Amino acid sequence: MTGAVLSALLGHWRRNPLQLFTLLAGLALGTALWSGVQAINAEARASYDAAAATLGEGSYGQIVARDGGEIGQETYVALRRGGWLVSPVVEGRLGPVRIIGIEPLTAPRGVGPLGLGEQADLGAFLTGEGQIFGRADTLAQLAETGARLVDAPDVAPATAIMDIGLAQRLLGREGRIDRLILAPDQPLSRPALSTLAPDLVEAARQDGGDVARLTDSFHLNLTAFGLLSFVVGLFIVHGAIGLAFEQRRPMVRTLRALGVPLRRLIALMALELVGLGLVAGLAGVALGYAVAAALLPDVAATLRGLYGADVSGQLTLRPAWWLSGLAIAMGGTAVASAGALLSLARMPLLASAHPRAWAMARGGVRLAVLAVALLALAGGLALWGRGLLAGFAMLAALLVGGALVLPPLLGQALRVAEGRATGVLAQWFWADTRQQIPGLSLSLMALLLAMTANVGVSTMVSSFRLTFTGFLDQRLASELYVSASDAAQAADIVAVAGAGVKAILPILSVEAKAASQPVEVYGARDHATYRDNWQLLRSFPDVWDRLAQGEGVLVNEQLYRRGGVDLGALVAVSPRLTLPVLGIYGDYGNPLGQVIVNEAVFAGQFPDVVALRFGLRVDPSEVAALRKTLRDQAGVPESAMVDQAAIKALSLSVFERTFTVTTALNVLTLAVAGFAMLMSLLTLATMRLPQLAPVWALGLTRRKLALLDLVRAVVLAALTGALALPLGLALAWALLAVVNVEAFGWRLPMYLFPLDYLRLGGLALLAAALAALWPAWRLSQMPPVQLLGVFRNER
Amino acid sequence: MPLKGNTMLLSLRHVTKTYPRAETAVFRQVSLDLDAGEMLALTGESGSGKSTLLHLIGGLDTADSGSVAVAGIDLTPLDDAGRAALRRGTVGVIFQQFNLIPSLTVAANIAFQARLSGRHDPDRARMLAERLGLKDHLDKHPEQLSGGQQQRVAIARTLAAAPRLVLADEPTGNLDEATADTVFALMCELVSETGAGLVLVTHSQRLAARLGRRLHLGAGQLIEGLAV
Ligand SMILES: Nc1ncnc2c1ncn2[C@@H]1O[C@H](COP(=O)(O)OP(=O)(O)OP(=O)(O)O)[C@@H](O)[C@H]1O
Ligand SMILES: [Mg+2]
């Protein structure tokens, strides 16, 4: 019997290949969307980690020579003996390849090629002819060295990693060290660095500043997208499975009437679904991989811009994400089919055997209640939630609640439209559209989420861009920023640079307490740089003149909010001086409060503080020469000079890339939602005939019916878009004001981009129209006998 | 289109119909005339082609050859839109079942065709609903009605549009005998009041006998009278 039932079940697909295709395609697309975004995310992070780990920068503190030069072997040995947990690094170039020599025995975990020590032969790495780790293409560029070449895809591109001894030999720098990596945990008893090695300084752990924050936003962006694509995928899978079950109701009834036990039937259908889920899941992962690979050059370019080092544009098929893709397919199938199987088990033997497009309306009230509850939960979390987890929970509640509330809202809107319609056709159109909603609701929800994601994420990225470009212009006004290690070098810098620059702006700062908040007090020189570039959120008139006169201070937004110091409020700059607030400025990314006073006021209050940082105003074309001069004549190491034009350009290009990727993902999500709609419409086409045939018989042409179907799809998409806009803005708000605050500790202003939304709405309508085009064309070409079949007895 | 000088409501000349991919024609060279106000019962075995013939007359399907003219309008050269106009304004079709538009209420269903053809008269629609016993069901949807009630709605809808020719394909075939008799009697009464012509397909000799004229379709040919 099992065989007979199975062949009957499968026979259904053989006779209805289109239905099988929609089911598989629905599952595959949902999986593809998820795994594609995951792949991009995972790859971006892996590349980021590889780059960071290889360079050893960012994650670990470093010790460098005060003069930026080399470190002697004996100094290193002295430090180790003194208890310092340091590991030597030598760096250099061999042709196109960047050579990094490390000492694996002392290097902190995570430095060097990933997995070194597990897969690699540590002995061979250290001794004898040695080993060189790098990507295959990098290794191919190296001249013959006698060392064994090990293909290590985790290493950053154009970089080769080897034991320090081998590197020193290859670079011809025996016994030389460029820098020392500091292990994160150092023994407390170790002697001070200044006593052991007075020539060395500890370089602060670089957290990458603004650029790192941008990277974080980029990742947050993608994570949000991952979440959204997951939900969109789930809806599509759910829709595909639900329809597949509805279509087979007549067969199930017949089989049961013929005496097949329900249990066996359900077991076999579950088995069949597992098979279909596996096939579709694998196809979906492959599709997602293709999508990710197509998008990845942009992601890679983004990271290349960030780290200056090449990041591979190639995708490695990571088990984690293709397994997760399969899990989504199977999990989505399981969730979707559990409900369907349950309703099948409960189906009375004599229930209507007709596939009911409106079957999903079952429990409509329950779903509406659930939707409202979820939206309320999202609101509650927004108001009282704490922590990143609450932020993401809020996002999920908002999205799922918004999706579930769509069908009842659409129903209401169409009811109103029907009530207002006067023409007979218009009335029928609205009534019939309302009847389509249950069958289309899942694909409409997917469309809603896709549009919501588009509105939300583009609002977020655009707001980021607008805020940060303004902020960078203001904050990075000077062409070159130089840090001195001590007062003597500071004096050197002023002396050396003095002649060749338009202005030297000393940056004086001291940590203090104001408005019962820990703050940084800055002394600023009165210069056009500030007057021209700084945009104050709020200020008194003549703020700059009054600041120059020492009549008041500027505070950053953080201090204004946390310390509650509004314009005119008095701020204690030091125990002896209290000044009113003249202006408030935006200070994104800074966790601390700031107070800015005039240079002279600063000097009066903190006479011991000398400026160690300087902003140098210079013609942009002379920046390179100035760097060289400062390095040669004042001994300023390269790492102590920051070329802000480069950083600005870099940040902007990061945004452009982020945009490209976001836009591509937007279009992709929309396309998938459109495809889901096409599949629903195709599946519904036959179920819908009983609704169309009477109207046709009463005197409407097929062409007109088809046209109305097209209009219907566009109208539904437009109504869905009307809900997607507020939902998307709520999503953007949640990302900017909740998730961003929880993740980075500061809040970004939200800007609106009506033109973007308009364009997006147009795209969504286009997607809907395209999705409806083929089904409509089929209807317009449908032979009359097929429509007449509706009235035959055998229904 | 002007009348061709005769009073014929319906005129079939040498009509042949073959379904696509079918070996033989359903019927060949069938001819038939019907006067205005005439009521005709069409009988025949299952599969003889009664429904097919009705569909050709109603502009729902097209013949291979021969001509069909309704109220002086030749259907042969009509395109999709022309046939749709015929279905809206000139003929009214009642099928055995599934006549109604599921998304509309009973009241909206009754008014539908009349409004499409621009002949809606609320008083007449109300009168028909009352006569057919549908007064208490006007706000319901078709799925909430019994089979007999649904057929009565279909009849009301057709008659509300005041077509010149009513085509009914076993309109009472799904109903029990008593209900069928009532619905049938009502339909005949209302059709004759409007002076429209009627072509009624039925399996029931009993019902057929109540109409003025009878035709039998068999072996692809039309024969006057009931089957022997
Ligand atoms: N769509 C179609 N495609 C092919 N053949 C068809 C189609 N519809 C009907 N036929 C065939 O045409 C013939 C006439 O069918 P029709 O429905 O007109 O018969 P009928 O007299 O109305 O039968 P019944 O009394 O059962 O309703 C039958 O042999 C039928 O099999
Ligand atoms: Mg028939």
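Visitor: How far apart do the centres of the positive and negative side chains of chain B lie?
Guide: In this predicted model, chain B carries 23 positive and 24 negative side chains, where Lys and Arg count as positive, Asp and Glu as negative, and His and the chain ends are left uncounted. Each charge is placed at NZ of Lys, CZ of Arg, CG of Asp or CD of Glu. With the charges placed in this way, the centres of the two sets are separated by 3 Å.

Visitor: Which radius of gyration does chain B have, beside what a compact globule would have?
Guide: Residues are numbered from 1 along each chain as its sequence is written, while chains are lettered from A and ligands numbered from 1 in the order in which they are written. Local features need pLDDT of at least 70 and side-chain atom pairs count only at pLDDT 80 or more, although totals for chains, interfaces and linings use all residues, and side-chain values use heavy atoms, with hydrogens and water left out. The C-alpha atoms of chain B fill a box of roughly 45 × 40 × 35 Å along the principal axes. Because a compact globule of 228 residues would have a radius near 17 Å (2.2 Å times the number of residues to the power 0.38, over C-alpha atoms), there is agreement with the value for chain B, 17 Å.

Visitor: How many helices and strands are there in chain A?
Guide: Helices (H or I, at least four residues) and strands (E, at least two) are DSSP runs numbered from the N terminus. Chain B has seven helices and 10 strands by this reckoning. For chain A the counts are 25 helices and 20 strands.

Visitor: Is B:Ile94 buried or exposed?
Guide: B:Ile94 belongs to strand β6 of chain B, which spans residues 91–94, and its contacts (heavy atoms within 4.5 Å) beyond four places in sequence include B:Gln151, B:Val166 and B:Met187. Another of these contacts is B:Pro171, which is 77 residues away in sequence, although the C-alpha atoms are 6.3 Å apart. Because buried means under 20% relative accessible area, exposed over 50% and partly exposed in between, with a 1.4 Å probe and protein chains only, the 1% of B:Ile94 makes this residue buried.

Visitor: How much area is buried between chain A and chain B?
Guide: The two chains meet through 28 residues of chain A and 24 residues of chain B. A:Val424, A:Leu698 and A:Phe791 supply 26% of the area that chain A buries against chain B, more than any other three residues. Buried area is the accessible area (1.4 Å probe) that two parts lose on being put together, summed over both. Carbon and sulfur atoms give 61% of the area between these chains, whose total is about 2,500 Å².

Visitor: Which residue of chain B does A:Asp432 touch?
Guide: A:Asp432 is placed in helix α14 of chain A, which covers residues 424–475, and the residue is buried, with a relative accessible area of 0%. Not counting residues up to four places away in sequence, A:Asp432 touches A:Arg688, A:Gln691 and A:Arg712 in chain A, and in chain B it touches B:Ser103.

Visitor: What is the C-alpha to C-alpha distance between A:Leu6 and A:Met269?
Guide: A:Leu6 sits in helix α1 of chain A, made of residues 2–15, and counts as partly exposed at 27% relative accessibility. Although A:Leu6 and A:Met269 are 263 residues apart in sequence, their C-alpha separation in space is 8.3 Å.
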